[in-house]
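Work through these exercises with the predicted model open. Try each task before reading its solution.

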Amino acid sequence: MLNLKQVLAIVPFSRSTIYREMEEGRFPKAREIAPRRIAWYADEVTAWQTSLDRRVA
């Protein structure tokens, strides 16, 4: 699982853009792993990146 800092290092978006894209269903949803802590499944973020690569190519 990736925390927000790790996702920001991988994805060229700002924090607010990630949250907006999540709300609009264009980025994987974060999971609450503890009170006030969220994380993303690494494989979901990788699959999202792969789908973007395919659309651009």
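**Exercise 1.** Leaving aside its neighbours within four places in sequence, which residues is glutamate 21 in contact with? Is glutamate 21 buried or exposed?

*Solution.*
- Place the residue: glutamate 21 lies in helix α2, residues 15-23.
- List the contacts. Beyond four places in sequence, glutamate 21 touches Phe13, Arg26 and Phe27.
- Apply the cut-off: buried means under 20% relative accessible area. Glutamate 21 has 13%, so this residue counts as buried.

**Exercise 2.** Find which residues of α2 are buried. Then find what they pack against.

*Solution.*
- The buried residues in α2 are Thr17, Ile18, Glu21 and Met22.
- They sit on the same side of α2, because their arc around the axis is only 135°.
- The general rule helps here: an α-helix has 3.6 residues a turn, so residues three or four places apart point the same way.
- Turn to the other side of α2: Arg15 and Glu23 are exposed there.
- The packing partner of the buried residues of α2 is α1.
- Past the helix, α2 is followed by glycine 25, with a positive phi near 80°.

**Exercise 3.** Which residues make up the largest nonpolar core, and which helices each supply at least two of them?

*Solution.*
- The largest nonpolar core has 10 residues: Leu2, Leu4, Val7, Val11, Ile18, Met22, Phe27, Trp40, Val45 and Trp48.
- Helices α1 (4-10), α2 and α3 (42-56) each supply at least two residues of this core.
- Check one member, valine 45. Leaving aside neighbours within four places in sequence, valine 45 contacts Leu2, Val11, Phe27, Pro28 and Trp40.
- As background, nonpolar side chains tend to be buried together in soluble globular proteins.

**Exercise 4.** Now look at the surface. Which residues form a nonpolar patch with Ile33?

*Solution.*
- The patch joins Met1 and Tyr41 with Ile33. Together they have about 290 Å² of accessible area.
- Isoleucine 33 is found in strand β1.
- Isoleucine 33 has a relative accessible area of 46%, so this residue is partly exposed.

**Exercise 5.** Explain what stands out in the phi of arginine 36, and say where arginine 36 is placed.

*Solution.*
- Start with the rule: most residues other than glycine have a negative phi.
- Arginine 36 is not a glycine, yet its phi is positive, about 65°.
- Arginine 36 is in the loop between β1 (31-34) and β2 (37-39).
- With a relative accessible area of 85%, arginine 36 is exposed.

Technical notes. Residues numbered from 1 in each chain as written. Predicted model: local features only at pLDDT ≥ 70, side-chain atom pairs only at ≥ 80, totals over all residues. Heavy atoms only, no water. Helix = DSSP H or I, 4+ residues; strand = E, 2+ residues; numbered from the N terminus. Buried < 20%, exposed > 50% of the residue type's maximum accessible area, 1.4 Å probe, protein only. Patch = residues over 30% accessible without salt bridge, like charges linked within 9 Å, V, L, I, M, F, W, Y side chains within 5 Å. Areas by Shrake-Rupley, 256 points an atom, 1.4 Å probe, with all protein chains shown as cover. Salt bridge = Lys/Arg side-chain N within 4 Å of Asp/Glu carboxyl O. Contact = heavy atoms within 4.5 Å. Core = buried A, V, L, I, M, F, W, Y, C linked by side-chain atoms within 4.5 Å. Arc of directions from axis to C-beta.
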